[in-house]
Amino acid sequence: MARELASLGERAEQQPGGVAWRGDAASLARANVWLRTASRVIVRAAEFRARTFFELERHARKVPWERFIAPGQRVRFRVTCRKSRLYHSEAVAQRLAESIEHRLGAASAWTTGEGGARADDEGEETGAEQLFVVRMLHDVCTVSADSSGALLHLRGYRQAVAKAPLRETLAAALLLAAEWKGDTPLVDPMCGSGTITIEAAMLARRMAPGLNRAFAFNEWPEFPREALAAVTASAQAQALPACPVPIAGSDRDAGAIDAARANAERAGVGADIAFGVHAISGIAPPPGPGLVATNPPYGVRVGERHEIRNLYAQLGHVLRRHCAGWRVALYSPDERLSAQLGFPMRTVLQTSNGGIPVRVDVGEVPAGEAPARIYF
């Protein structure tokens, strides 16, 4: 994500769970419109030490809540308390809500959720309320306002899904981790509902992922709305009319390909991707070299492991036969599965998908016959 921000002209600092930078209104708008791998962009509203509720209340009344909400507006708090004397998240949220009423002169209806992992993982947020992310750590309270609203992976195109769909931000992260810049062909031989190929087409066409959606920050009382309008106009001008390289996706499930085609049309890249219904062995890549980017099944159940090992081994055999000299990037839960491909792979990113720890492994497909399968 730091590299994405650097491409937007921002100097970001890596921090646990994300990155941080300083910027103005235009910077905030650009980040929300252009970031492909971020779940949300939050703005630091205040940071102070509070060991008692009296201290919390005193400092909270100084937070410039009026920058982010109007009097009486509905708010939501996501509070985490760790290694602090104030450990009851609901009580912390109540004191913050009271401070808003004191400062703005009107009570705001509020809700809260501890931790917030469920909403982040499952994408259930609608953006209807102004969210404040509050962290109590070592007696230091950090209050941040969510500027995004609905989570940024909700691009709007993925309405039809196949089994075990890949989140849009994870598909983009796979491409960026593989350092694919949209200047070589791309193939996904297990494309499911098409998320990787769609994100690839958008990246190649320089289409901003947040171009056609609303953001929480644009409703903030003090935010200059012309900032988003200018960023949007610039993004529209940068988009290419068509994909400069061939992109192909295939799956043996005809229903998945129907979903992929529908999603691609909604994303505005339907004409940029060639979809086909066939097994892995039936791939016919365009002239390369290029990138094979895919998200194979993980086989998390014990009974599936032998079948998944064979799938990875088959994929390696097919790639040697059809894609020699190409690069390959895939999500895998285990380096031993990646080893089934039969050629060296290196891990360039570690993250999670649906609560499962996964890694992005990248390698180059050699020519020649595959070695014997490696069982474990």
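**A guided tour of the predicted model**

Begin by selecting helix 3 (residues 53-60) together with helix 4 (residues 89-104): their axes come within 9 Å and cross at roughly 35°. The model on display is a predicted one. The crossing of helix 3 with helix 4 is right-handed. To see what makes the contact, show the side chains of Phe53, Leu56, Glu57 and Ala60 on helix 3, and those of Ala91, Val92, Arg95, Leu96 and Ser99 on helix 4. Sorted by class, the residues of this contact are six nonpolar, one polar and two charged.

Next, turn to the open sheet of seven strands, whose order is 10-9-8-11-12-14-13 and whose pairing is mixed. Which strands stand at the edges? They are strand 10 (273-277) and strand 13 (346-353); each has a single partner strand, so one side of each is left without a neighbour in the sheet. On average, neighbouring strands of the sheet are turned by 20° against each other, direction ignored.

Remain at strand 13 and add strand 14 (residues 356-364) to the selection. The two strands run antiparallel and are joined by seven bridges. For one bridge pair, select arginine 346, whose partner in strand 14 is valine 362.

Now display the helices that lie across the strands of this region. Helix 6 (residues 168-177) lies across strand 8 (186-188), strand 11 (291-294), strand 12 (327-332), strand 13 and strand 14, and runs at about 170° to strand 13. Helix 9 (residues 254-267) lies across strand 9 (247-251) and strand 10, with an angle of about 165° to strand 10.

From strand 10, follow the chain towards strand 11 and stop at proline 289, which is placed in the loop between these two strands. Which residues does proline 289 contact, leaving aside its neighbours within four places in sequence? They are Thr184, Pro185, Gly325 and Trp326. For a longer view, select tryptophan 21 as well: its C-alpha atom is separated by 37 Å from that of proline 289, and the two residues are 268 residues apart along the chain.

The final stop is the second largest pocket, which holds about 240 Å³ of space. It is lined by 16 residues, and those closest to its centre are Met202, Met207, Ala208, Asn212 and Ala267. Coloured by class, the lining of this pocket shows 10 nonpolar, two polar and four charged residues.

Note on methods:
Residues are numbered from 1 along each chain as its sequence is written. This is a predicted model: local features need pLDDT of at least 70, side-chain atom pairs count only at pLDDT 80 or more; totals for chains, interfaces and linings use all residues. Side-chain values use heavy atoms; hydrogens and water are left out. Axes are lines fitted to C-alpha atoms, for helices over the stretch in contact, and angles run from 0 to 180 degrees between N-to-C directions. Helices (H or I, at least four residues) and strands (E, at least two) are DSSP runs, numbered from the N terminus. A crossing is left-handed if the near helix is turned anticlockwise from the far one by less than a right angle, and right-handed if clockwise. Contact means heavy atoms within 4.5 Å. Ala, Val, Leu, Ile, Met, Phe, Trp, Tyr, Cys and Pro count as nonpolar, Asp, Glu, Lys and Arg as charged, and the others, Gly among them, as polar. Two strands pair if DSSP finds at least two bridges between them. On a 1 Å grid over the protein atoms alone, a cavity is a set of points where a 1.4 Å probe fits but cannot get out, and a pocket is an open set with protein on both sides within 12 Å along at least five of seven lines; lining residues have an atom within 4 Å of a point. Grid points are joined across faces, edges and corners, and a volume is the space filled by probe spheres set on the points.
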